[in-house]
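Visitor: I should like a close look at a single part of this model, the surface where the protein meets its partner. Please then relate that part to the interior of the protein and to any unusual local features.

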Amino acid sequence: MPSPLFDEHADALELAPRLLGATLSAGGVTVRLTEVEAYLGVGVDPGSHAFRGPGRRNATMFGPPGRLYVYFTYGMHWCANVVCSPEGQASAVLLRAGEVVEGIEIARSRRPNCARDTQLASGPARLTRTLGLTGDDDGVDLATGRVRLTLPPRPVEGFATGPRTGVSGPGGSAEFPWRFWMPGEPSVSAYRAHAPQRRITRR
DNA sequence: GAAATGATCGTCT
DNA sequence: GACGATCATTTCA
């Protein structure tokens, strides 16, 4: 069942808070999203992969909405996004964290070193690993493909917003408070409110 | 407990 | 040739 959500003319900023509470299912595991980040398109968002226009990696972002954009980073991690805007606009929402609500055994087997269940998907790369997502899932249609997105019956209320995490340069500043999360959820990482404190004493 | 570090490679300059 | 929308582990105070 395709969601009417993506038929509306919207971008990642509008859709990000509405993805909170949504569930994502893949490979026998279902995760309920508790933390996301919005990324916009060409020229407007210095932190976005789409900022400099289409390229090899970000092609999916420029495609139709409702698809999964998966990319590889830091030489070992996969991160997943939901493409939001109409074709050509390239705005997407990074899925940062969630809570495993189904397939907990499979999830644990995919993350053998994970101490607590609340940390199974408490980070973008952990989330993809727990769901078994890789570059093979890039471009999958979330309504009909092997990865499924189900929106909550009603948008969650009382979500929080703040600066994005892990984005260096101008895009990471408070100028773009495009991180959205559900306060109090244990799967949401305890982020430092500002840049990490530098250690005072050095050798 | 907090901060530094090593792992590891595709993509773009 | 540098660096990244990160994580797990080690190291330090």
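Guide: The description may begin with a contact to a base: in this predicted model, a polar side-chain atom of H77 lies 2.5 Å from a base oxygen of DNA strand C. Two further polar contacts involve the phosphates of DNA strand C. In one, a polar side-chain atom of H49 is placed 2.8 Å from a phosphate oxygen; in the other, the protein partner is a polar backbone atom of A125, at 3.3 Å from a phosphate oxygen. Three elements, β4 (77-83), β5 (92-102) and α3 (124-131), each give two or more residues to the surface near DNA strand C. Of these, α3 provides the largest share, with three residues.

In total, 20 residues surround DNA strand C, and the closest are H49, H77, N81, R111 and R126. By character, this surface divides into seven nonpolar, nine polar and four charged residues. On the side of the nucleic acid, sugar or phosphate accounts for 53% of the atoms of DNA strand C within 4 Å of the protein, and bases supply the rest.

The elements of this surface also take part in the interior. The largest nonpolar core of the model comprises 39 residues, and within it L95 and L149 have the most contacts. Two or more residues of this core come from each of α1 (12-19), β1 (23-26), β2 (29-39), β3, β4, β5, α3 and β6 (147-150). The largest share, five residues, belongs to β2. Around L95, with neighbours within four places in sequence set aside, the contacts are L24, L33, E35, V36, A80, V82, P124 and L127. A separate core of twelve residues lies apart from the one just described, and F62, Y71, A92 and V167 are among its members. As a general background, nonpolar side chains in soluble globular proteins tend to be buried together.

Two loops that adjoin β4 hold residues with notable backbone angles. Most residues other than glycine have a negative phi. Y74, in the loop between β3 (68-73) and β4, is not a glycine, yet its phi is positive, at about 50 degrees. A90, in the loop between β4 and β5, likewise has a positive phi, near 60 degrees, without being a glycine. The surroundings of these two residues may be set side by side: Y74 is exposed, at 68% relative accessibility, whereas A90 is buried, with a relative accessible area of 0%.

The cysteines complete this account. A disulfide is a covalent bond between the sulfur atoms of two cysteines, and the structure holds zero of them. C79 cannot form such a bond because the closest cysteine sulfur, in C84, is 16 Å from its own sulfur, which is too far. The case of C84 is the converse, with the sulfur of C79 as its closest cysteine sulfur, 16 Å away and too far for a bond. C79 is buried, with 7% relative accessible area, and C84 also counts as buried, at 1% relative accessibility.

How values were computed. Residues numbered from 1 in each chain as written. Chains lettered and ligands numbered in written order. Predicted model: local features only at pLDDT ≥ 70, side-chain atom pairs only at ≥ 80, totals over all residues. Heavy atoms only, no water. Near = heavy atom within 4 Å. Polar contact = N/O pair within 3.5 Å; in protein donor to acceptor, adjacent residues only side chain to side chain. Helix = DSSP H or I, 4+ residues; strand = E, 2+ residues; numbered from the N terminus. Nonpolar A, V, L, I, M, F, W, Y, C, P; charged D, E, K, R; others polar. Disulfide = S-S within 2.5 Å. Buried < 20%, exposed > 50% of the residue type's maximum accessible area, 1.4 Å probe, protein only. Core = buried A, V, L, I, M, F, W, Y, C linked by side-chain atoms within 4.5 Å. Contact = heavy atoms within 4.5 Å.
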